[in-house]
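Trainee: Please take a close look at one part of this model for me, the strand pairing. Then place it among the other parts.

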Amino acid sequence: MPKEDPLERLERQEQEKKNGNGGLKTTMIVLAAAAAALAVALGLVWFQKSSLVNELEQEKEDLTEQIVALQGDYENLSSEYDSINSQLDSSREEIAQLVDRIKKTDATNRAKIRQYEKELGTLRSIMRGYIVQIDSLNTLNHQLTLQAAAARKEAAENRALNADLNDRVKSLTDQVAVGSVIKGRGMSLVAYNSSDRVTDRSSRTVRMLLSLTLSANELAPKGPIRVYVRVKDPDGYLLQDGTNASFTYGGETLPATASREVDYAGSDVDLSIYINNIPSFSKGVYTAEVYTAQSLLGTTEALLR
């Protein structure tokens with residue numbers, strides 16, 4: 001092998017040294033470029049992750065605000081109906097639990113956040129249902145209130161009308177009752193002696209005769225009717241003929257001197273009633289009252305000397 005020139009060897013070694021340094025420099029440059037690219041990539045990833053986290057946090061915050069707002073709407077919703085109030089209480093408890101759960105959930109837990117969004121939508125739908133129910137019931141209640149008021153007004157009007165009709169009927173009934181009362185006319189009280197002749201001497205009087213006419217009245221009840229006579233002597237004592245006749249008038253039982261029953265057919269009826277079996281008659285004015293069980297027919301007097 002030929003011996004290498006020392007100068008050539010030095011040049012060759014210098015050239016190899018230069019070539020080695022250039023490769024190292026190239027390698028360093030490549031590594032530096034790779035590190036820079038990696039840093040950029042890591043920075044980009046961090047930025048994207050940070051942005052995504054911020055977006056998720058904002059999304060959670062927005063959802064929380066919506067749930068809290070709905071919670072306030074539930075608190076402000078009320079009704080007059082026990083069944084709906086019971087359902088509202090249950091929904092309020094459910095939304096309170098949802099508020100508590102979302103506050104404890106990490107924003108990056110997208111599955112839970114989506115679940116809460118669905119629950120929020122369901123609770124909103126339920127609330128709309130409550131509002132529709134309450135509005136419907138309020139409308140129905142308002143209609144029923146109006147109907148009840150109209151019914152009360154109609155009932156009041158009917159009561160007033162019935163009261164007026166009752167008053168009119170009572171008035172007509174009273175008029176009929178008054179019109180149906182039998183009346184008497186032409187009353188007279190006459191004394192008779194033992195020869196059956198009229199006398200005005202008390203010492204000669206043995207009996208008295210009460211005469212009258214029952215007036216015609218088509219409204220009066222037809223059939224048998226008893227007429228009672230009460231004769232009082234000058235001292236005001238009631239004469240008694242021994243028959244112990246009595247009758248009820250105005251809720252009170254009254255003794256009678258004598259009585260007689262006649263058949264009343266609505267036309268005039270003349271009748272006479274004898275007062276017999278009186279031990280003696282004294283001087284003075286005798287007063288006779290004539291009754292039926294329904295009315296006082298009239299009074300008359302006789303003077304005995």
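Mentor: Start with one contact: Leu214 has Val269 as its bridge partner in E8. This is a predicted model, where local features need pLDDT of at least 70 and side-chain atom pairs count only at pLDDT 80 or more, while totals for chains, interfaces and linings use all residues. Residues are numbered from 1 along each chain as its sequence is written, and side-chain values use heavy atoms, with hydrogens and water left out.

Leu214 belongs to strand E3, residues 207-214. Strands (E, at least two residues) and helices (H or I, at least four) are DSSP runs, numbered from the N terminus. E3 and E8 pair antiparallel over 7 bridges. To count as a pair, two strands need at least two DSSP bridges between them. Another of these contacts sets Met208 against Ile275 in E8.

Now widen the view. E3 and E8 sit in an open sheet of 4 strands, ordered E2-E1-E3-E8, with antiparallel pairing. Its edges are E2 (198-199) and E8 (269-275), each pairing on one side only. Strands of a sheet pair through backbone hydrogen bonds, either parallel or antiparallel.

Look at the two faces of E8. Val269, Leu271, Ile273 and Ile275 make up the covered face. Asp270, Ser272 and Tyr274 make up the uncovered one. In a regular strand the side chains alternate between the two faces of the sheet.

Next, the other open sheet. Its 4 strands run in the order E7-E4-E9-E10, again antiparallel. E7 (258-264) and E10 (296-304) are the edge strands, and each pairs on one side only. On average, neighbouring strands here are turned by 20° against each other, direction ignored. Axes are lines fitted to C-alpha atoms, for helices over the stretch in contact, and angles run from 0 to 180 degrees between N-to-C directions. E4 and E7 are joined by 7 bridges. Pro224 stands opposite Asp263 of E7.

E5 (residues 246-249) and E6 (residues 252-255) are antiparallel too, with 4 bridges. They form a hairpin with 2 residues between them. Tyr249 faces Glu252 in E6. In the turn, Gly250 has a positive phi of about 60°.

E4 also leads to the largest pocket. E4 (residues 223-232) gives the largest share of its lining, 3 residues. The pocket volume is about 170 Å³. A pocket is an open set of points on a 1 Å grid over the protein atoms alone, with protein on both sides within 12 Å along at least five of seven lines; lining residues have an atom within 4 Å of a point. Grid points are joined across faces, edges and corners, and a volume is the space filled by probe spheres set on the points. Of the 12 lining residues, Ser180, Ile182, Pro221, Ile225 and Gln294 are closest to the centre.

Finish with a helix. H2 (residues 82-104) has 23 residues, which at 1.5 Å a residue should span 33 Å; its end C-alpha atoms are 34 Å apart, so the two agree. The expected span is 1.5 Å times one less than the number of residues. Its buried residues (under 20% relative accessible area with a 1.4 Å probe, protein chains only; exposed is over 50%, partly exposed in between) are Ile84, Leu88, Ser91, Arg92, Ile95, Leu98, Val99 and Ile102.

Notes
1 Å grid on protein atoms, 1.4 Å probe; cavity = no way out; pocket = protein on both sides within 12 Å on 5 of 7 lines; lining within 4 Å.
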